[in-house]
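Thanks for asking me to look this one over. Here are my comments, meant to be read with the structure open beside them.

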Amino acid sequence: MDYISTRGKVEAIGFVDAVLMGLANDGGLLVPSLIPSVSADTLNQWEKLSYSELALEIFTLFVDGDIPREDLKKLVDDSYATFRDPEVTPVRRLNDSLSVLELFHGPTFAFKDIALQFLGNLYSYISRKNNSIIHILGATSGDTGASAIEGVRGKEGIRICILHPHGKVSKVQELQMTTVNDANVLNLSVEGNFDDCQRIIKELFADVDFKHRYHLRAINSINIARILAQTVYYFYAYFQAAKGDPAAKVNFSVPTGNFGDIFAGYLAKRMGLPVNKLILATNENNILERFVREGVYEPGEFHMTYSPSMDIQVASNFERYLYYLYGEDSQAISALMDGFKKDGRIVIPEDKLRTVQADFGAYGVKNDECLATIGSYHKENGYLLDPHTACGVAAADKLAEAGEVTVALSTAHPAKFDEAIRLIDIEQTYPAPIQALFNKPQIQKVVGGSNEEITEQLLSFF
Ligand SMILES: *Cc1c(COP(=O)(O)O)cnc(C)c1O
(Lines give C-alpha, C1' and ligand atoms only; values in the text may rest on other atoms or scores of the structure.)
Protein backbone atom coordinates (compact mmCIF):
# COMPACT_ATOMS: atom_id res chain seq x y z
CA MET A 1 0.00 0.00 0.00
CA ASP A 2 1.27 3.43 -0.95
CA TYR A 3 0.61 6.59 1.00
CA ILE A 4 0.19 10.00 -0.59
CA SER A 5 -0.41 13.52 0.68
CA THR A 6 -3.77 15.29 0.62
CA ARG A 7 -1.90 18.19 -1.05
CA GLY A 8 -0.30 16.00 -3.68
CA LYS A 9 3.32 17.17 -3.41
CA VAL A 10 4.89 14.13 -1.73
CA GLU A 11 5.99 11.09 -3.72
CA ALA A 12 4.15 7.90 -2.83
CA ILE A 13 5.77 6.13 0.15
CA GLY A 14 5.22 2.84 2.01
CA PHE A 15 3.56 2.32 5.38
CA VAL A 16 6.68 2.58 7.57
CA ASP A 17 7.84 5.77 5.85
CA ALA A 18 4.35 7.21 6.20
CA VAL A 19 4.39 6.50 9.93
CA LEU A 20 7.80 8.13 10.23
CA MET A 21 6.82 11.18 8.19
CA GLY A 22 3.77 11.99 10.39
CA LEU A 23 2.67 15.29 8.89
CA ALA A 24 3.35 15.17 5.14
CA ASN A 25 6.38 17.18 4.03
CA ASP A 26 4.16 19.41 1.88
CA GLY A 27 2.07 20.38 4.92
CA GLY A 28 -0.77 18.01 4.05
CA LEU A 29 -1.83 14.75 5.68
CA LEU A 30 -0.95 11.27 4.49
CA VAL A 31 -3.71 8.99 3.24
CA PRO A 32 -3.66 5.53 1.62
CA SER A 33 -3.49 5.84 -2.17
CA LEU A 34 -6.45 3.48 -2.32
CA ILE A 35 -8.95 2.57 0.38
CA PRO A 36 -9.02 -1.24 0.55
CA SER A 37 -12.51 -2.64 0.18
CA VAL A 38 -13.70 -5.45 2.40
CA SER A 39 -16.26 -7.85 0.91
CA ALA A 40 -19.35 -9.15 2.71
CA ASP A 41 -17.72 -12.60 2.80
CA THR A 42 -14.65 -11.22 4.51
CA LEU A 43 -16.84 -9.35 6.98
CA ASN A 44 -18.54 -12.65 7.82
CA GLN A 45 -15.19 -14.25 8.52
CA TRP A 46 -13.99 -11.32 10.60
CA GLU A 47 -17.05 -11.54 12.80
CA LYS A 48 -15.58 -14.52 14.62
CA LEU A 49 -12.14 -13.04 15.30
CA SER A 50 -10.75 -11.83 18.61
CA TYR A 51 -9.78 -8.17 18.85
CA SER A 52 -6.09 -8.85 18.17
CA GLU A 53 -6.83 -11.21 15.30
CA LEU A 54 -9.09 -8.61 13.73
CA ALA A 55 -6.48 -5.89 14.22
CA LEU A 56 -3.91 -8.07 12.45
CA GLU A 57 -6.21 -8.57 9.44
CA ILE A 58 -6.97 -4.86 9.15
CA PHE A 59 -3.36 -3.77 9.55
CA THR A 60 -2.29 -6.35 6.98
CA LEU A 61 -4.46 -4.58 4.39
CA PHE A 62 -2.77 -1.24 5.06
CA VAL A 63 0.78 -2.39 5.77
CA ASP A 64 0.80 -4.63 2.72
CA GLY A 65 4.16 -6.37 3.03
CA ASP A 66 6.08 -3.43 4.50
CA ILE A 67 6.40 -5.38 7.77
CA PRO A 68 6.52 -9.22 7.73
CA ARG A 69 3.23 -10.70 8.97
CA GLU A 70 4.82 -12.51 11.95
CA ASP A 71 6.44 -9.27 13.13
CA LEU A 72 3.16 -7.42 12.69
CA LYS A 73 1.39 -10.13 14.68
CA LYS A 74 3.83 -9.71 17.54
CA LEU A 75 3.41 -5.92 17.47
CA VAL A 76 -0.37 -6.26 17.61
CA ASP A 77 -0.36 -8.96 20.30
CA ASP A 78 2.08 -7.03 22.51
CA SER A 79 0.04 -3.84 22.11
CA TYR A 80 -3.26 -5.32 23.24
CA ALA A 81 -1.86 -7.63 25.93
CA THR A 82 -1.54 -4.55 28.19
CA PHE A 83 -5.32 -4.07 28.27
CA ARG A 84 -7.21 -4.99 31.43
CA ASP A 85 -10.25 -6.46 29.64
CA PRO A 86 -9.87 -9.75 27.72
CA GLU A 87 -12.09 -8.32 24.96
CA VAL A 88 -9.87 -5.20 24.75
CA THR A 89 -12.84 -2.98 23.74
CA PRO A 90 -16.01 -4.53 25.24
CA VAL A 91 -19.47 -3.29 24.27
CA ARG A 92 -21.87 -2.67 27.19
CA ARG A 93 -25.58 -2.50 26.49
CA LEU A 94 -27.36 0.32 28.33
CA ASN A 95 -30.81 -0.14 26.77
CA ASP A 96 -32.49 -1.52 23.62
CA SER A 97 -31.21 1.23 21.40
CA LEU A 98 -27.96 2.29 23.05
CA SER A 99 -24.67 0.61 23.92
CA VAL A 100 -21.33 2.05 24.92
CA LEU A 101 -18.10 0.85 23.41
CA GLU A 102 -15.62 0.96 26.30
CA LEU A 103 -12.33 2.08 24.84
CA PHE A 104 -10.67 2.86 28.18
CA HIS A 105 -9.23 -0.44 29.36
CA GLY A 106 -5.65 0.40 28.39
CA PRO A 107 -2.84 1.61 30.70
CA THR A 108 -3.99 5.27 30.90
CA PHE A 109 -7.76 4.68 30.98
CA ALA A 110 -8.46 6.57 27.73
CA PHE A 111 -9.10 5.43 24.17
CA LYS A 112 -5.81 6.89 22.93
CA ASP A 113 -4.05 3.80 24.33
CA ILE A 114 -5.53 1.70 21.55
CA ALA A 115 -3.53 3.54 18.94
CA LEU A 116 -0.55 4.61 21.04
CA GLN A 117 0.31 1.26 22.57
CA PHE A 118 0.62 0.08 18.97
CA LEU A 119 2.48 3.17 17.74
CA GLY A 120 4.93 2.98 20.67
CA ASN A 121 5.77 -0.62 19.87
CA LEU A 122 5.97 0.20 16.17
CA TYR A 123 8.43 3.05 16.74
CA SER A 124 10.53 0.81 18.92
CA TYR A 125 10.50 -1.89 16.21
CA ILE A 126 11.49 0.63 13.52
CA SER A 127 14.24 2.09 15.70
CA ARG A 128 15.72 -1.40 16.20
CA LYS A 129 15.48 -2.23 12.48
CA ASN A 130 17.03 1.08 11.37
CA ASN A 131 19.43 1.28 14.26
CA SER A 132 18.57 4.95 14.83
CA ILE A 133 17.20 7.08 17.65
CA ILE A 134 13.63 8.34 17.33
CA HIS A 135 12.68 11.66 18.89
CA ILE A 136 8.98 11.99 19.51
CA LEU A 137 7.44 15.41 19.86
CA GLY A 138 3.77 15.87 20.63
CA ALA A 139 1.13 18.20 22.00
CA THR A 140 -1.68 17.08 24.24
CA SER A 141 -4.90 18.35 25.70
CA GLY A 142 -4.37 15.63 28.30
CA ASP A 143 -4.98 12.09 27.12
CA THR A 144 -2.59 11.81 24.18
CA GLY A 145 0.39 12.82 26.30
CA ALA A 146 -0.22 10.30 29.05
CA SER A 147 -0.94 7.60 26.55
CA ALA A 148 2.05 8.36 24.30
CA ILE A 149 4.40 8.46 27.27
CA GLU A 150 3.03 5.15 28.52
CA GLY A 151 3.54 3.70 25.04
CA VAL A 152 7.29 4.44 24.93
CA ARG A 153 8.56 5.00 28.49
CA GLY A 154 11.79 3.18 29.17
CA LYS A 155 12.03 1.93 25.57
CA GLU A 156 15.48 1.99 24.06
CA GLY A 157 16.12 4.15 21.01
CA ILE A 158 13.22 6.53 21.76
CA ARG A 159 13.00 9.92 23.46
CA ILE A 160 9.71 11.67 23.95
CA CYS A 161 8.81 15.30 24.68
CA ILE A 162 5.19 16.21 25.35
CA LEU A 163 3.72 19.73 25.57
CA HIS A 164 0.57 20.22 27.62
CA PRO A 165 -1.30 23.45 28.46
CA HIS A 166 -0.32 24.49 31.99
CA GLY A 167 -3.16 23.98 34.48
CA LYS A 168 -5.61 23.06 31.72
CA VAL A 169 -5.52 19.29 31.96
CA SER A 170 -7.30 17.25 34.64
CA LYS A 171 -5.43 16.31 37.82
CA VAL A 172 -5.30 12.64 36.91
CA GLN A 173 -4.07 13.42 33.39
CA GLU A 174 -1.36 15.67 34.79
CA LEU A 175 -0.28 12.99 37.28
CA GLN A 176 -0.27 10.29 34.62
CA MET A 177 2.20 12.32 32.56
CA THR A 178 4.37 13.92 35.19
CA THR A 179 4.88 11.05 37.61
CA VAL A 180 6.76 9.09 34.97
CA ASN A 181 10.44 9.17 35.93
CA ASP A 182 12.03 7.42 32.95
CA ALA A 183 14.99 9.36 31.56
CA ASN A 184 13.61 9.23 28.00
CA VAL A 185 10.57 11.39 28.94
CA LEU A 186 10.35 15.23 29.04
CA ASN A 187 7.13 16.99 30.07
CA LEU A 188 6.81 20.68 29.12
CA SER A 189 3.92 22.51 30.75
CA VAL A 190 3.19 25.45 28.42
CA GLU A 191 1.61 28.76 29.47
CA GLY A 192 -1.27 28.78 26.97
CA ASN A 193 -4.05 26.53 25.75
CA PHE A 194 -4.04 23.34 23.71
CA ASP A 195 -4.33 25.15 20.38
CA ASP A 196 -1.09 27.03 21.26
CA CYS A 197 0.67 23.74 21.96
CA GLN A 198 -0.63 22.25 18.75
CA ARG A 199 0.45 25.31 16.74
CA ILE A 200 4.01 25.13 18.13
CA ILE A 201 4.28 21.47 17.19
CA LYS A 202 2.88 22.09 13.72
CA GLU A 203 5.38 24.89 13.13
CA LEU A 204 8.36 22.89 14.40
CA PHE A 205 7.40 19.98 12.16
CA ALA A 206 6.91 22.34 9.22
CA ASP A 207 10.63 23.23 9.53
CA VAL A 208 11.75 20.27 7.42
CA ASP A 209 15.48 20.87 8.16
CA PHE A 210 14.92 20.80 11.90
CA LYS A 211 12.68 17.77 11.59
CA HIS A 212 15.30 15.82 9.64
CA ARG A 213 18.27 16.87 11.74
CA TYR A 214 16.65 15.52 14.90
CA HIS A 215 14.65 12.65 13.38
CA LEU A 216 11.53 14.24 14.82
CA ARG A 217 8.51 11.99 14.85
CA ALA A 218 4.86 12.76 15.51
CA ILE A 219 2.59 11.06 17.96
CA ASN A 220 -0.51 13.22 17.57
CA SER A 221 -3.54 12.01 15.75
CA ILE A 222 -2.29 13.17 12.35
CA ASN A 223 -0.18 10.01 12.31
CA ILE A 224 -1.77 7.56 9.89
CA ALA A 225 -0.98 4.58 12.14
CA ARG A 226 -3.26 5.99 14.80
CA ILE A 227 -6.17 6.31 12.42
CA LEU A 228 -5.71 2.77 11.17
CA ALA A 229 -5.53 1.33 14.71
CA GLN A 230 -8.80 3.06 15.49
CA THR A 231 -10.72 1.59 12.55
CA VAL A 232 -10.45 -1.84 14.21
CA TYR A 233 -12.94 -1.22 17.00
CA TYR A 234 -15.60 0.06 14.62
CA PHE A 235 -15.57 -3.35 12.97
CA TYR A 236 -15.35 -5.15 16.30
CA ALA A 237 -18.27 -3.23 17.84
CA TYR A 238 -20.37 -3.36 14.69
CA PHE A 239 -20.35 -7.15 14.76
CA GLN A 240 -21.58 -7.18 18.35
CA ALA A 241 -24.25 -4.53 17.83
CA ALA A 242 -25.59 -6.00 14.56
CA LYS A 243 -25.68 -9.56 15.97
CA GLY A 244 -25.46 -11.11 12.53
CA ASP A 245 -28.49 -9.23 11.18
CA PRO A 246 -27.51 -7.76 7.78
CA ALA A 247 -30.45 -5.31 7.96
CA ALA A 248 -29.43 -3.93 11.37
CA LYS A 249 -29.08 -0.15 11.42
CA VAL A 250 -26.01 0.49 13.55
CA ASN A 251 -24.99 4.08 14.27
CA PHE A 252 -21.80 5.25 15.94
CA SER A 253 -21.75 8.36 18.07
CA VAL A 254 -18.26 9.77 18.50
CA PRO A 255 -17.06 12.42 20.98
CA THR A 256 -14.95 14.50 18.63
CA GLY A 257 -12.04 16.92 18.96
CA ASN A 258 -9.33 16.58 16.33
CA PHE A 259 -11.53 14.46 14.04
CA GLY A 260 -9.16 11.47 14.29
CA ASP A 261 -11.53 9.00 15.90
CA ILE A 262 -14.53 9.80 13.74
CA PHE A 263 -12.36 9.81 10.62
CA ALA A 264 -11.41 6.22 11.50
CA GLY A 265 -15.15 5.46 11.51
CA TYR A 266 -15.56 7.16 8.15
CA LEU A 267 -12.69 5.07 6.81
CA ALA A 268 -14.27 1.86 8.15
CA LYS A 269 -17.46 2.82 6.33
CA ARG A 270 -15.58 3.53 3.10
CA MET A 271 -13.93 0.11 3.45
CA GLY A 272 -17.36 -1.48 3.35
CA LEU A 273 -18.56 -1.70 6.95
CA PRO A 274 -22.32 -1.06 6.63
CA VAL A 275 -22.52 1.70 9.26
CA ASN A 276 -25.85 3.54 9.29
CA LYS A 277 -25.10 7.00 10.74
CA LEU A 278 -21.89 8.53 12.00
CA ILE A 279 -22.86 11.00 14.70
CA LEU A 280 -20.30 13.69 15.38
CA ALA A 281 -20.61 14.89 18.98
CA THR A 282 -18.85 18.05 20.08
CA ASN A 283 -18.93 20.13 23.23
CA GLU A 284 -19.32 23.94 23.22
CA ASN A 285 -16.25 24.16 20.98
CA ASN A 286 -18.47 23.27 18.07
CA ILE A 287 -16.64 24.24 14.87
CA LEU A 288 -17.34 20.78 13.45
CA GLU A 289 -21.01 20.81 14.39
CA ARG A 290 -21.37 24.16 12.61
CA PHE A 291 -19.55 22.78 9.60
CA VAL A 292 -21.94 19.85 9.30
CA ARG A 293 -24.98 22.06 9.76
CA GLU A 294 -23.96 25.07 7.67
CA GLY A 295 -21.00 24.12 5.49
CA VAL A 296 -18.78 26.78 7.05
CA TYR A 297 -15.59 25.75 8.82
CA GLU A 298 -14.46 28.64 10.98
CA PRO A 299 -12.94 28.67 14.47
CA GLY A 300 -15.16 30.30 17.07
CA GLU A 301 -14.52 31.51 20.58
CA PHE A 302 -12.59 29.11 22.82
CA HIS A 303 -14.67 27.58 25.64
CA MET A 304 -13.41 25.64 28.64
CA THR A 305 -15.66 22.63 29.13
CA TYR A 306 -15.89 19.47 31.23
CA SER A 307 -14.52 17.51 28.28
CA PRO A 308 -11.10 19.15 27.79
CA SER A 309 -9.87 16.56 25.28
CA MET A 310 -12.47 18.00 22.92
CA ASP A 311 -11.66 21.67 23.61
CA ILE A 312 -10.32 22.15 20.13
CA GLN A 313 -11.02 24.78 17.51
CA VAL A 314 -8.96 23.62 14.55
CA ALA A 315 -9.30 19.88 14.05
CA SER A 316 -5.98 18.55 12.78
CA ASN A 317 -7.45 15.55 10.92
CA PHE A 318 -10.23 17.42 9.21
CA GLU A 319 -8.21 17.87 6.01
CA ARG A 320 -8.34 14.09 5.50
CA TYR A 321 -12.10 14.21 5.26
CA LEU A 322 -12.05 17.27 2.99
CA TYR A 323 -9.78 15.31 0.67
CA TYR A 324 -12.41 12.62 0.18
CA LEU A 325 -15.22 15.16 0.07
CA TYR A 326 -13.45 16.79 -2.87
CA GLY A 327 -13.04 13.49 -4.73
CA GLU A 328 -9.33 13.06 -3.81
CA ASP A 329 -8.46 16.24 -5.67
CA SER A 330 -5.24 17.41 -4.03
CA GLN A 331 -5.15 20.68 -5.98
CA ALA A 332 -8.56 21.63 -4.65
CA ILE A 333 -7.40 20.78 -1.11
CA SER A 334 -4.22 22.87 -1.43
CA ALA A 335 -6.33 25.81 -2.57
CA LEU A 336 -8.85 25.33 0.25
CA MET A 337 -6.15 25.10 2.91
CA ASP A 338 -4.31 28.15 1.52
CA GLY A 339 -7.61 29.99 1.67
CA PHE A 340 -8.13 28.84 5.25
CA LYS A 341 -4.71 30.15 6.25
CA LYS A 342 -5.47 33.50 4.62
CA ASP A 343 -9.14 34.06 5.49
CA GLY A 344 -9.54 31.84 8.55
CA ARG A 345 -12.51 30.02 7.09
CA ILE A 346 -13.59 27.42 4.57
CA VAL A 347 -17.01 27.58 2.90
CA ILE A 348 -18.18 24.61 0.86
CA PRO A 349 -20.84 24.73 -1.87
CA GLU A 350 -24.39 23.42 -1.43
CA ASP A 351 -23.87 20.08 -3.22
CA LYS A 352 -20.86 19.27 -1.02
CA LEU A 353 -22.83 20.21 2.08
CA ARG A 354 -25.44 17.63 1.11
CA THR A 355 -22.71 14.98 0.95
CA VAL A 356 -21.40 16.06 4.37
CA GLN A 357 -24.88 15.77 5.82
CA ALA A 358 -25.29 12.31 4.31
CA ASP A 359 -21.96 11.28 5.87
CA PHE A 360 -22.53 12.74 9.36
CA GLY A 361 -25.10 13.95 11.83
CA ALA A 362 -23.74 16.47 14.33
CA TYR A 363 -24.72 17.80 17.70
CA GLY A 364 -22.91 20.16 20.08
CA VAL A 365 -23.49 19.43 23.76
CA LYS A 366 -23.67 22.32 26.22
CA ASN A 367 -21.88 22.10 29.56
CA ASP A 368 -25.03 21.70 31.66
CA GLU A 369 -26.45 19.13 29.25
CA CYS A 370 -23.25 17.11 29.59
CA LEU A 371 -23.55 16.99 33.38
CA ALA A 372 -27.28 16.26 33.19
CA THR A 373 -26.56 13.29 30.91
CA ILE A 374 -24.01 11.88 33.35
CA GLY A 375 -26.52 12.33 36.18
CA SER A 376 -29.45 10.69 34.44
CA TYR A 377 -27.55 7.64 33.16
CA HIS A 378 -26.03 7.17 36.58
CA LYS A 379 -29.44 7.28 38.20
CA GLU A 380 -31.40 5.28 35.66
CA ASN A 381 -28.84 2.80 34.36
CA GLY A 382 -26.35 2.65 37.22
CA TYR A 383 -23.63 3.47 34.71
CA LEU A 384 -21.13 6.29 35.22
CA LEU A 385 -20.20 8.13 31.99
CA ASP A 386 -17.14 10.34 31.74
CA PRO A 387 -17.90 13.85 30.36
CA HIS A 388 -16.55 13.07 26.86
CA THR A 389 -18.58 9.92 26.60
CA ALA A 390 -21.58 11.85 27.93
CA CYS A 391 -21.32 14.17 24.90
CA GLY A 392 -21.49 11.14 22.61
CA VAL A 393 -24.42 9.70 24.52
CA ALA A 394 -26.32 13.02 24.56
CA ALA A 395 -25.80 13.37 20.80
CA ALA A 396 -27.01 9.80 20.27
CA ASP A 397 -30.14 10.53 22.30
CA LYS A 398 -30.76 13.59 20.12
CA LEU A 399 -30.05 12.16 16.67
CA ALA A 400 -30.77 8.42 16.69
CA GLU A 401 -34.14 7.38 15.30
CA ALA A 402 -36.54 4.57 16.19
CA GLY A 403 -35.35 1.17 14.99
CA GLU A 404 -31.68 2.13 15.03
CA VAL A 405 -29.05 0.85 17.42
CA THR A 406 -26.41 3.35 18.45
CA VAL A 407 -22.98 2.52 19.77
CA ALA A 408 -21.61 5.52 21.67
CA LEU A 409 -17.85 5.48 21.91
CA SER A 410 -16.70 5.73 25.51
CA THR A 411 -13.39 7.50 25.16
CA ALA A 412 -12.32 7.75 28.81
CA HIS A 413 -12.89 6.24 32.23
CA PRO A 414 -14.79 8.63 34.54
CA ALA A 415 -11.95 8.53 37.09
CA LYS A 416 -9.89 10.71 34.73
CA PHE A 417 -12.41 13.54 35.03
CA ASP A 418 -13.49 13.47 38.64
CA GLU A 419 -13.59 17.31 38.75
CA ALA A 420 -16.74 17.20 36.61
CA ILE A 421 -18.26 14.13 38.23
CA ARG A 422 -18.02 15.73 41.67
CA LEU A 423 -20.03 18.76 40.50
CA ILE A 424 -23.12 16.58 40.40
CA ASP A 425 -22.40 15.00 43.78
CA ILE A 426 -21.43 11.59 42.54
CA GLU A 427 -18.65 9.93 44.46
CA GLN A 428 -16.55 7.40 42.65
CA THR A 429 -13.79 5.09 43.81
CA TYR A 430 -10.65 5.35 41.72
CA PRO A 431 -9.26 2.21 40.17
CA ALA A 432 -6.08 1.20 42.06
CA PRO A 433 -3.58 2.22 39.33
CA ILE A 434 -5.03 5.77 39.34
CA GLN A 435 -5.17 6.03 43.13
CA ALA A 436 -1.48 5.10 43.28
CA LEU A 437 -0.50 8.18 41.20
CA PHE A 438 -1.36 10.58 44.01
CA ASN A 439 1.62 9.41 46.10
CA LYS A 440 4.26 9.86 43.42
CA PRO A 441 6.49 12.95 42.88
CA GLN A 442 5.86 15.04 39.72
CA ILE A 443 8.53 15.96 37.18
CA GLN A 444 7.80 18.73 34.64
CA LYS A 445 9.09 22.10 33.36
CA VAL A 446 6.79 25.13 33.09
CA VAL A 447 7.65 27.17 29.97
CA GLY A 448 6.29 30.14 27.98
CA GLY A 449 4.61 29.56 24.66
CA SER A 450 7.25 30.81 22.20
CA ASN A 451 8.79 28.47 19.64
CA GLU A 452 12.28 29.62 20.71
CA GLU A 453 11.76 28.58 24.31
CA ILE A 454 10.46 25.18 23.31
CA THR A 455 13.30 24.65 20.82
CA GLU A 456 15.85 25.49 23.52
CA GLN A 457 14.36 22.88 25.86
CA LEU A 458 14.30 20.31 23.09
CA LEU A 459 17.90 20.86 22.09
CA SER A 460 19.15 20.27 25.61
CA PHE A 461 16.98 17.16 25.99
CA PHE A 462 17.90 15.56 22.64
C1 LIG B 1 -8.72 12.61 22.22
C2 LIG B 1 -10.02 12.42 22.88
C3 LIG B 1 -11.23 12.70 22.20
C4 LIG B 1 -11.26 13.27 20.80
O5 LIG B 1 -10.77 12.39 19.82
P6 LIG B 1 -10.32 12.99 18.39
O7 LIG B 1 -9.72 11.84 17.69
O8 LIG B 1 -9.33 14.08 18.67
O9 LIG B 1 -11.54 13.51 17.73
C10 LIG B 1 -12.41 12.44 22.86
N11 LIG B 1 -12.42 11.97 24.13
C12 LIG B 1 -11.30 11.71 24.81
C13 LIG B 1 -11.40 11.24 26.21
C14 LIG B 1 -10.06 11.92 24.21
O15 LIG B 1 -8.95 11.65 24.89
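The points below cover two helices with a buried face, one residue within the second of them, and one helix pair.

1. A reminder before the details: this is a predicted model. Please read each point below with that in mind.

2. Let's start with helix 15, residues 350–359. Which of its residues are buried? They are Lys 352, Leu 353, Val 356 and Asp 359. Looking down the axis of helix 15, you will find these buried residues within an arc of 120°, so they line one face of the helix. Glu 350, Arg 354 and Ala 358, on the other side of helix 15, are exposed.

3. What does the buried side of helix 15 pack against? Its buried residues meet three helices and two strands: helix 11 (260–271), helix 12 (287–294) and helix 13 (318–325), together with strand 10 (278–282) and strand 13 (360–364).

4. Helix 20 (residues 451–461) can be read in the same manner. Its buried residues are Asn 451, Ile 454, Thr 455, Gln 457, Leu 458 and Phe 461. Viewed down the axis of helix 20, they fall within an arc of 160°, so they line one face. The face turned away from that buried side carries Glu 452, Glu 456 and Ser 460, which are exposed. As general background, an α-helix has 3.6 residues a turn, so residues three or four places apart point the same way.

5. The partners of helix 20 deserve a look too. Its buried residues pack against strand 5 (134–139), strand 6 (158–165), strand 7 (185–190) and strand 15 (445–447), and also against helix 8 (194–206) and helix 9 (208–213).

6. Within helix 20, try selecting Thr 455. Is Thr 455 buried or exposed? Its relative accessible area is 18%, and because buried means under 20%, Thr 455 counts as buried. Setting aside neighbours within four places in sequence, Thr 455 is in contact with Leu 204 and Phe 210.

7. Finally, the pair formed by helix 3 (residues 51–63) and helix 10 (residues 224–242): their axes come within 9 Å and cross at roughly 130°. The two helices are therefore oblique to each other, and their crossing is right-handed. Helix 3 contributes Tyr 51, Leu 54, Ala 55, Ile 58, Phe 59 and Phe 62 to the contact. From helix 10, the contact residues include Leu 228, Thr 231, Val 232, Phe 235 and Phe 239. By type, the residues of this contact divide into 14 nonpolar, 1 polar and no charged.

Definitions and conventions:
Residues are numbered from 1 along each chain as its sequence is written. This is a predicted model: local features need pLDDT of at least 70, side-chain atom pairs count only at pLDDT 80 or more; totals for chains, interfaces and linings use all residues. Side-chain values use heavy atoms; hydrogens and water are left out. Buried means under 20% relative accessible area, exposed over 50%, partly exposed in between (1.4 Å probe, protein chains only). Helices (H or I, at least four residues) and strands (E, at least two) are DSSP runs, numbered from the N terminus. The arc is that of the directions from the helix axis to the C-beta atoms. Contact means heavy atoms within 4.5 Å. Axes are lines fitted to C-alpha atoms, for helices over the stretch in contact, and angles run from 0 to 180 degrees between N-to-C directions. Angles under 35 degrees count as roughly parallel, over 145 as roughly antiparallel, 65 to 115 as roughly perpendicular and the rest as oblique. A crossing is left-handed if the near helix is turned anticlockwise from the far one by less than a right angle, and right-handed if clockwise. Ala, Val, Leu, Ile, Met, Phe, Trp, Tyr, Cys and Pro count as nonpolar, Asp, Glu, Lys and Arg as charged, and the others, Gly among them, as polar.
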